[in-house]
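Dear colleague,

I am handing over the structure we spoke about, with the sequence alongside it. Please open it first, and then read the notes that follow.

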Amino acid sequence: MKVLLVWKTCLALACLLVPCLAEELELAFAPAPVANPLKGLVPYAGDHGSDAFPHSMEFSYVALSDLVPGERRYDWGELEALLGKIASRRHQAVLRIYLEYPKKPSAVPGYLGVDGAPDYEDPALRECLRDFIAAFGEAYDGDARIGFLTAGLLGKWGEWHTWPEVDRWASSDVQVEVLDAYQAAFKQTPVLLRYPVGEGGKDAANDARPFGYHDDSFAWGTLDTGREEDFWFYIPALKKAGRAAVEKWKRHPIGGEIRPEAWGICFDEEPANPKVQSFARCVEETHVTWLMDSGMFEREYVTPGRRKRAEQQVRRMGYEFHVSTADHVRRGGGVELSVAIENRGVAPFYAAWPIEWGLLDGRTGELRRSVEGGEKLTGILPGEEPVRRVGRIAVDGLAAGTYVLAMRVANPMPGGLPLRFANGTQDQHAPGWLSLMEVRIP
């Protein structure tokens, strides 16, 4: 018996000193939560209650005049209060700063002496916008409480048009100044533009800039109908802007807003309004990650069947990561992990949140050791072969026993929702962690 124990001990030690490959394990698929972070439907900011449609973000307009009390003076107090309330609900914010909002007071900073619609060609206003964007970026670029920014500032609702008062619209020169300012100020927080524009148009080209787009007439003015009068619909405009714009979603996020006429009914099997376009097809063709919506957050629009269909279709938006296989090698004083990840959604994950590898106690699920390996989920495109990510965890000093190899992608916002994988073993041993396989540490 003593000889047998010595032999087993030597074998276990050898596995730590010499590569010992575990059999590759296939991991079963299970749908990820609808409310995964940085994707899905986005209501206006507020506490919508525990029974609200699942969501991870909240949207809010912010008046420029509330942030700029004087020339080159900035007051972030109101914005901080807003971000704090949203974060307290474990959500991240989608923001748009505006200058003019129909039927609301002018949001032009008071020191400019404008009481009404802004003159976008005014040199003083142009300087104000450039300075503000620079200060805004310095204060908030990379702030984990902010998921996305829509560029805003120009046009009604900050939506980059003054229709039907087309003679008031900002010139291409003004648009370029705003685009340049955003490009210089925001290197981490994604900025999205309302309209795709290529070279040769009346408006400033943006196809080659590092910005995403937001389609604010989603499921109404999205798909290409082939009709000449629908040239402004999102997909036709995207195609006109050129290949760089069409492929923008691979590197920069696509967002938007479900058109009010389509609220709720866009999730019906046969929408009552024939102008409503197929929500599922719109999601597939745009590669959209998030959409502002009120329809599924107002009780008058929600029925059990409609909610169920909405959850199924909204889950398709953005990313959905499934770890298809995992294996590990015990080498020296550590365990080396390797996983294959496929994206079953329609878009990549755009945030550079690191993958964390962990060893959980096999009995209690307590985290015994973890490490960030430098790997991320960015760049994993839907429809492609699984992508491999690797990591290593030191096991020196750990008590002998059975452990669970696990991985997670933690939300950098304190208290924020963790990213969850589309796997049956997600949260199996510990909240936020995807359990991969057991490992015995001698």
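**What was found**

Please keep in mind throughout that this is a predicted model. I begin with Phe186, which counts as buried because its relative accessibility is 8%, under the 20% that sets the limit.

**Aromatic rings**

Phe186 forms an aromatic pair with Tyr182, in which the ring centres are 5.9 Å apart and the planes make an angle of 40 degrees, so that the pair is classed as tilted, the class for angles that are neither under 30 nor over 60 degrees. Tyr182 is buried as well, with a relative accessibility of 1%. The two rings belong to a wider cluster, in which ring pairs link Tyr182 and Phe186 with Tyr74, Trp76, Phe132, Phe136 and Tyr140. Across the whole structure, the number of aromatic pairs comes to 27.

Two rings also have a charged group over them. In one case Lys104 lies over the face of Tyr101, at 4.3 Å from the centre of the ring. In the other, the charged end of Arg344 is placed over the ring of Phe29, and the distance to the ring centre is 4.0 Å.

**The four-stranded sheet**

If you turn next to the strands, you will find an open sheet of four, which runs in the order β14-β13-β16-β17 and is paired in the antiparallel sense. Its edges are formed by β14, residues 367–376, and by β17, residues 434–441, each of which pairs on one side only. From one strand to the next, the twist averages 25 degrees.

Within this sheet, β13 (residues 354–361) and β16 (residues 401–408) are joined by six bridges, again with antiparallel pairing. One residue that can be followed across this pairing is Leu359, whose bridge partner in β16 is Leu405.

**Glu356 and its partners**

Which side chain meets that of Glu356 in a salt bridge? The partner is Arg408, with 2.8 Å between nitrogen and oxygen. This salt bridge connects distant parts of the chain, since Glu356 belongs to strand β13 and Arg408 to strand β16, with their positions 52 residues apart in the numbering. The environments of the two partners can be set side by side: Glu356 counts as buried at 11% relative accessibility, while Arg408, at 24%, counts as partly exposed. Glu356 is classed as buried because its value is under 20%, whereas the value for Arg408 falls between the limits of 20% and 50%.

The contact between the side chains of Glu356 and Arg408 is also found as a polar contact, again at 2.8 Å. In addition, the side chain of Glu356 makes a polar contact of 3.0 Å with the side chain of Ser370.

**Other salt bridges**

A search of the whole structure gives 35 salt bridges, and a few of them are described here. Asp230 and Arg227 meet through their side chains at 2.8 Å from N to O. Asp230 is buried, with a relative accessibility of 8%, whereas Arg227 is partly exposed, with a relative accessible area of 46%.

A further salt bridge, with an N to O distance of 3.1 Å, brings together the side chains of Glu311 and Arg307. These two residues lie four residues apart in helix α9, which covers residues 304–315, and are therefore separated by about one helical turn. Both partners are partly exposed, Glu311 with a relative accessible area of 23% and Arg307 with one of 24%.

**A position in a loop**

Finally, I would draw your attention to Ala262, which is found in the loop between β9 (254–258) and α8 (279–286). Is Ala262 buried or exposed? Its relative accessibility is 0%, so Ala262 counts as buried. The C-alpha atom of Ala262 is separated by 9.8 Å from that of Asp293, a residue 31 positions away along the chain.

With kind regards

Definitions and conventions:
Residues numbered from 1 in each chain as written. Predicted model: local features only at pLDDT ≥ 70, side-chain atom pairs only at ≥ 80, totals over all residues. Heavy atoms only, no water. Phe/Tyr/Trp six-rings, centres within 6.5 Å; stacked < 30°, edge-to-face > 60°. Buried < 20%, exposed > 50% of the residue type's maximum accessible area, 1.4 Å probe, protein only. Lys NZ or Arg CZ within 6 Å of the ring centre and 35° of its normal. Pairing = 2+ DSSP bridges. Axes fitted to C-alpha atoms, helices over the stretch in contact; angles between N-to-C directions. Salt bridge = Lys/Arg side-chain N within 4 Å of Asp/Glu carboxyl O. Polar contact = N/O pair within 3.5 Å; in protein donor to acceptor, adjacent residues only side chain to side chain.
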